[in-house]
Amino acid sequence: MPECEVCFRHCKLEEGQKGLCESRICKDGVVQAANYGRITSMALDPIEKKPLRRFYPGAKILSIGSYGCNLRCPFCQNHEISWGPEAKKAARQAEYVSPREITRTAEFYQKEGNIGVAFTYNEPLTGYEFVRDTARLVKKKGMVNVLVTNGTAQLSVLQELAPYIDAMNIDLKGFTERYYKEILGGNLGMVKDFITQAVKVCHVELTTLIIPGENDSEEEMRSLTEFVASLENEKGETIGEDIPLHISRFFPQFHMTDRAATDVEQIYRLAEVAGERLKYVYTGNC
């Protein structure tokens with residue numbers, strides 16, 4: 001039975017069956033991207049919205065999204081296109097836009113300050129083939145490519161995209177196996193490996209959304225920033241303290257409405273803790 005090789009799940013799929021991400025399908029005996037070119041969202045965003053604070057600050061970027069995700073975050077901010085009943089509806093309504101059309105649109109908006117394309121909103125790596133094909137064309141036109149991802153993918157996927165990606169914002173959603181497995185349905189080890197290699201190939205910034213009672217302790221933040229501070233570039237030089245970390249405030253939504261928004265003072269305190277090891281720490285949603 002064909003097996004998907006994008007993430008740790010290794011979904012085994014029968015003909016016509018989709019993986020948990022709802023965006024990869026077995027067709028003609030081959031697992032491929034069912035969401036290839038199927039665009040649900042497109043906007044010209046400030047680069048800071050990705051969030052990227054130390055990559056072309058003040059610029060704009062054409063942001064596109066498809067549908068599907070390989071995590072099951074109960075607080076998902078983009079659940080309408082990522083997972084659940086609404087995402088399935090969005091998948092049916094998504095319109096096909098070719099890599100060439102995306103590239104032409106990015107060129108058109110250069111006059112408004114656009115510097116390239118950001119693959120974002122849903123989890124772009126579940127349809128990495130479209131990211132690869134589009135990013136290659138965008139690169140040829142002298143523009144940049146940005147990836148906003150949960151980092152839950154095999155290193156082979158990263159290696160295929162690496163020649164074309166200029167910057168990433170990667171969600172490092174917490175720093176315990178329990179949190180990743182029980183709350184997100186994910187795999188912390190895979191994300192750590194992805195981040196470790198990503199910083200060797202492009203500019204990387206990280207984002208951690210602080211959920212009350214889940215990943216909000218100073219101890220966990222110290223463990224997280226110790227890992228980040230130890231990261232090395234392709235030359236083996238330690239560069240971790242220069243990697244920006246965005247610490248964001250949670251608001252109750254989707255399937256997680258059983259707790260209040262994160263206390264603003266807690267966000268600021270955790271930012272202070274992160275600042276013990278990292279130079280660039282930013283707070284969000286405060």
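How many of the six residues of strand 8 (residues 144-149) are buried? In this predicted model, strand 8 is mostly covered, with six of its six residues buried, and the views below start from the whole chain before turning to that strand and its surroundings.

**View 1. The whole protein contains nine helices and twelve strands.** The C-alpha trace spans about 50 × 40 × 35 Å along its principal axes. A compact globule with 286 residues would have a radius of gyration near 19 Å, and the protein, at 18 Å, agrees with that expectation. Buried residues account for 54% of the 286 residues, while the exposed surface comes to about 12,600 Å², of which carbon and sulfur atoms supply 46%. Of the contacts between residues at least 6 apart in sequence, 68% join residues at least 24 apart.

**View 2. Eight strands form an open sheet with mixed pairing.** The order of the strands across the sheet is 4-5-7-8-9-10-11-12. Strand 4 (41-46) and strand 12 (281-284) stand at the edges, and because each has a single partner strand, one side of each is left without a neighbour in the sheet. Neighbouring strands are turned against each other by 20 degrees on average, direction ignored.

**View 3. Strand 8 is covered on both of its faces.** In a regular strand the side chains alternate between the two faces of the sheet. For strand 8, one side carries V144, V146 and V148 and the other carries N145, L147 and T149, and all of these residues are buried.

**View 4. Strand 7 (residues 114-119) pairs with strand 8 in the parallel sense over four bridges.** Within this pairing, V117 stands opposite N145, and A118 stands opposite V146. The chain passes from strand 7 to strand 8 by way of helix 4 (residues 128-140), and this β-α-β crossover is right-handed.

**View 5. Strand 9 (residues 167-171) also pairs with strand 8 in the parallel sense, again over four bridges.** The bridge partner of L147 in strand 9 is M168. Together with helix 5 (residues 155-161), strand 8 and strand 9 make a right-handed β-α-β unit.

**View 6. Helix 7 (residues 188-198) and helix 8 (residues 218-229) each lie across strands of the model.** Helix 7 lies across strand 8, strand 9 and strand 10 (203-210), and runs at about 160 degrees to strand 9. Helix 8 lies across strand 10 and strand 11 (245-249), with an angle of about 155 degrees to strand 11.

**View 7. S66 is found in the loop between strand 5 (60-65) and helix 1 (79-82).** Is this loop residue buried or exposed? S66 has a relative accessible area of 10%, and because the cut-off for a buried residue is under 20%, S66 counts as buried. Leaving aside its neighbours within four places in sequence, S66 is in contact with N35, R38, T40, I81 and N122.

How values were computed. Residues are numbered from 1 along each chain as its sequence is written. This is a predicted model: local features need pLDDT of at least 70, side-chain atom pairs count only at pLDDT 80 or more; totals for chains, interfaces and linings use all residues. Side-chain values use heavy atoms; hydrogens and water are left out. Helices (H or I, at least four residues) and strands (E, at least two) are DSSP runs, numbered from the N terminus. Buried means under 20% relative accessible area, exposed over 50%, partly exposed in between (1.4 Å probe, protein chains only). Contact means heavy atoms within 4.5 Å. Two strands pair if DSSP finds at least two bridges between them. A crossover is right-handed if, with the strands pointing away from the viewer, the path from the first strand over the helix to the second runs clockwise. The radius of gyration is taken over C-alpha atoms; the globule rule is 2.2 Å times the number of residues to the power 0.38. Accessible areas come from the Shrake-Rupley method with a 1.4 Å probe; for residues, only the protein chains shown count as cover. Axes are lines fitted to C-alpha atoms, for helices over the stretch in contact, and angles run from 0 to 180 degrees between N-to-C directions.
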